[in-house]
Amino acid sequence: MTARLVIAGGSVLILLLAAATAGIAVYEHEEARLVQQDRAQLLARMVEEHASHALDDAARVLAVAAEAVQRTPPQRLAELDAAFARAAASQPLVAATALVDESGTIVASSVPAARGSRLDIARLAPIPAAGQQACGSYLADAGPLLPGRDTVPILRGSLGADGRPMTLVALLDSSELAAFLRHAREDPGTSAMLVRRDGQVLSATPDAIAAAGARLAAPGDGSAAFAQASRLVVATQVLASRPELAVVVTRDLDVGLAAWRHLVAWLLVGAAAAAAVIAAMTFIAERSVRAREAARRQRDAAQLAVAMRERELSVIVKSVQEMIFRTDAEGRLTFVNTRWQAATGEPADALLGRRLLELVHPESRAAVAALLAPGASALRASPVRFAGAGERQFDFAVSPLMEGERVVGHAGSAVDVTECCTARRELQEQLALWSQMLDTMPLPVALMDHEARYITVNLAWATQAGMDQDELVGKRVRDYLLPAEAEVHERHNLQVLAHGGTLRYESEVSLPDGSRRTMAVTKAAVCDADGRSRGLLATLTDISEFREADRAMREARDIAEEASRAKSEFIANISHELRTPLQAIIGFSELGMVRGRAHERLASMFGDIHAAGQRMLALVNDLLDVSKIESTVGTFHLERTDLRPLVREVAREIDPLLVRRRLHLDLVLSDGQLVAKVDPLRFQQVVRNVLANAVRFSPDGATIELRGDIDAKNQIVITVRDQGPGIPPAELETIFEAFVQSSKTKDGSGGTGLGLAICRKIVEAHGGRILAENADGGGSRFTISVPARGFADTVV
């Protein structure tokens, strides 16, 4: 605000200076204009006096001539020419004189050649009465008296000797009249005119605003001044002896104001200089005020910051967890924060003025005395215990307060490090326990740094390496392993250190006794808080015996697979061999049944033979199916198809069996398509086998439920539920093995025990599953599930 006031004050001063300069200029302009007006008025009076004298002389000439006319008889008027000539010669202003009678004839004249000529007196001026005078208008051509000359006529009325009215004419030379205006002409920018009351210009200076003969507006009375133009000063003066005439003097105001302009120019220069000085002083004062304001603001801000820092420091000191104190040179406390009460059990105010040595445990007084010793000036630290604080340990840090070379006190802090000491001790105990546990572990374990150097190894690792534990610390694997083995381990070490994570691999290791063992190596990156690898942890597991057992198991499996293939081939061969005689038995039994219709007993025997042949043929076909599936001889022709028509076709096939047993099939399939990639004949074989088992084991008049839908896992699920005797829980899986039947169905219901085994193999070949379970309320439920494959799906 102060800087703005300074600027405002300087601006006001400059405005006042500008106003004063303008006022002076206006005042001087008005004074100069008045001076010009007075000068014009003075010149007008001077010119008026000269013109009045000259015209009076001309009037006296006419008066003398009038007396001569009155004395001269009419017949001798021509003799007056010489007298008129002498009168004209005596007066330079009078160019010519003449006597004109009533008819306008020149009777006598100073110009003898003009006598007898006619003169239009009315053209010159109104004819005055006897003894009166009148001034005429400007004549550019005064013929016949003075042809071609500029004159101004003056007329005087007179009477002849015989009493006839006569008119005397005096022609005044315009150039001589202008000579009387020389005083105005000699003044620069000044012009003068002799005008009549009606505004007719009789004579004028060459630079007058109107030429002789022009007409001006009536100038009014003799003392008034009027402006003919905007830049002129005009003064008029009526002739005292001839009120009908007036002198008009004009002065060019621009010429008269030259001195005023010169004065104004210097005035403006002075005002500009003064304004510049004021502006400079204002600028300097404003900068100074701004500097003072800025300094004051900085000082205030610094004081505010100091006050805030003091408040913050006070709050920090009060809230800091450390014990802060200050003592004098003798070790008496002069300041303590509130944390001292928790350590000593006494209020902080009660501790002021007491010696620090009196507050600590006797065992720590020597250490405190060393901290407060005046000899050193550096920061000193020592562990200290307080009296009455039990086993709590504090770390004291003390720094002397110097005043020149003299110690005036001490400032310091104390930190409760009891928990830290306890944690350090516990950590050392845990490290010792961890080292002992590592040494007792049978598996070799080692910890390496980021350069794959051993930091620590357990006893098992050192024993396997054939070296002492301390001897291995700081070494790399290349320092004690064979080059080929070391190269493998170092490559994996670099991989774990670079990418982190855990790496497992197997490697052959040479032992100190010369034997080689197969080891499973596990290496894991040890990372810091930022996730960067700082080292790695390695463990070794001897898997030599496991690998030997694995090799033995693979050999046994190969032998078993070879035996299974031989069995499958045997079953396939024997099945093919059995089909030929069975076809003959079935064929001849059918022939016997046809021909033995007339003999009931014979037909019954051939019927039994035919039924037994059919059962044996079914058994042989099942054996062939099992052998084909197991030996991978069986071929599946997979195609993407909707399973609903396949299931409905199987339901229609077993419809006669349902009618014979008075069974009801409750068939419910999804409204949407159940598309899967299957072999249609094989899938129908599975559904037919499961549905036939449900028919076989359901009681007469029961209901069989057949459902088909897609579950949440995008699996097509076909379920068949019957109301039969069910399956013992222990046999829910074994019934899918070859030649195995449920204990509840070995009652003569028929079957070879191969149907469900074939179904499982077919379903698994399609990537699905078949399960059996006991349903709530009795009976069993078989579930067939295969992956759904929409017509738009792409199968790889």
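Let's start in the sheet, where strands E13 and E14 run antiparallel and are joined by ten bridges. Bear in mind as we go that this is a predicted model. Within this pair, phenylalanine 396 stands opposite alanine 414 in E14. The two strands form a hairpin with two residues between them, and there glycine 404 takes a positive phi near 75°.

From here we can step outward on either side of the hairpin. On the E13 side, strand E12 (residues 380-384) comes in: five bridges join E12 to E13 (residues 394-403), and the two run antiparallel. Serine 382 is a handy marker for this pairing, as it stands opposite phenylalanine 396 in E13. That phenylalanine is the residue we already met facing alanine 414 of E14.

On the E14 side, the partner is strand E10. Six bridges link E10 (residues 323-328) with E14 (residues 406-416), again in an antiparallel arrangement. Here isoleucine 324 is found opposite serine 413 in E14.

It is worth pausing on E12 to look at its two faces. In a regular strand, side chains alternate between the two faces of the sheet. In E12, Arg380, Ser382 and Val384 make up the covered face, while Ala381 and Pro383 belong to the uncovered one. Serine 382, our marker opposite phenylalanine 396, is thus a good place to begin when you turn the strand over in the viewer.

Now let's move to the helices at the start of the chain. Helix H1 spans residues 2-71 and helix H2 spans residues 80-90; their axes come within 11 Å and cross at roughly 165°. An angle over 145 degrees counts as roughly antiparallel, and H1 and H2 are therefore roughly antiparallel to each other. The crossing in which H1 passes H2 is right-handed. On the H1 side the contact is made by Val61, Ala65, Ala68 and Val69, and on the H2 side by Leu80, Phe84 and Ala87. Sorted by class, this contact has seven nonpolar residues, with no polar and no charged ones.

Our last stop is a loop further along the chain. Proline 725 sits between strand E24 (715-721) and helix H21 (755-765). How buried or exposed is proline 725? With a relative accessible area of 41%, proline 725 is partly exposed, because that value falls between the limits of 20% for buried and 50% for exposed. Proline 725 also has a partner from elsewhere in the sequence to look for: glycine 778 is 53 residues away along the chain, yet the C-alpha atoms of the two are separated by 7.1 Å.

Key
Residues are numbered from 1 along each chain as its sequence is written. This is a predicted model: local features need pLDDT of at least 70, side-chain atom pairs count only at pLDDT 80 or more; totals for chains, interfaces and linings use all residues. Side-chain values use heavy atoms; hydrogens and water are left out. Axes are lines fitted to C-alpha atoms, for helices over the stretch in contact, and angles run from 0 to 180 degrees between N-to-C directions. Helices (H or I, at least four residues) and strands (E, at least two) are DSSP runs, numbered from the N terminus. Angles under 35 degrees count as roughly parallel, over 145 as roughly antiparallel, 65 to 115 as roughly perpendicular and the rest as oblique. A crossing is left-handed if the near helix is turned anticlockwise from the far one by less than a right angle, and right-handed if clockwise. Contact means heavy atoms within 4.5 Å. Ala, Val, Leu, Ile, Met, Phe, Trp, Tyr, Cys and Pro count as nonpolar, Asp, Glu, Lys and Arg as charged, and the others, Gly among them, as polar. Buried means under 20% relative accessible area, exposed over 50%, partly exposed in between (1.4 Å probe, protein chains only). Two strands pair if DSSP finds at least two bridges between them.
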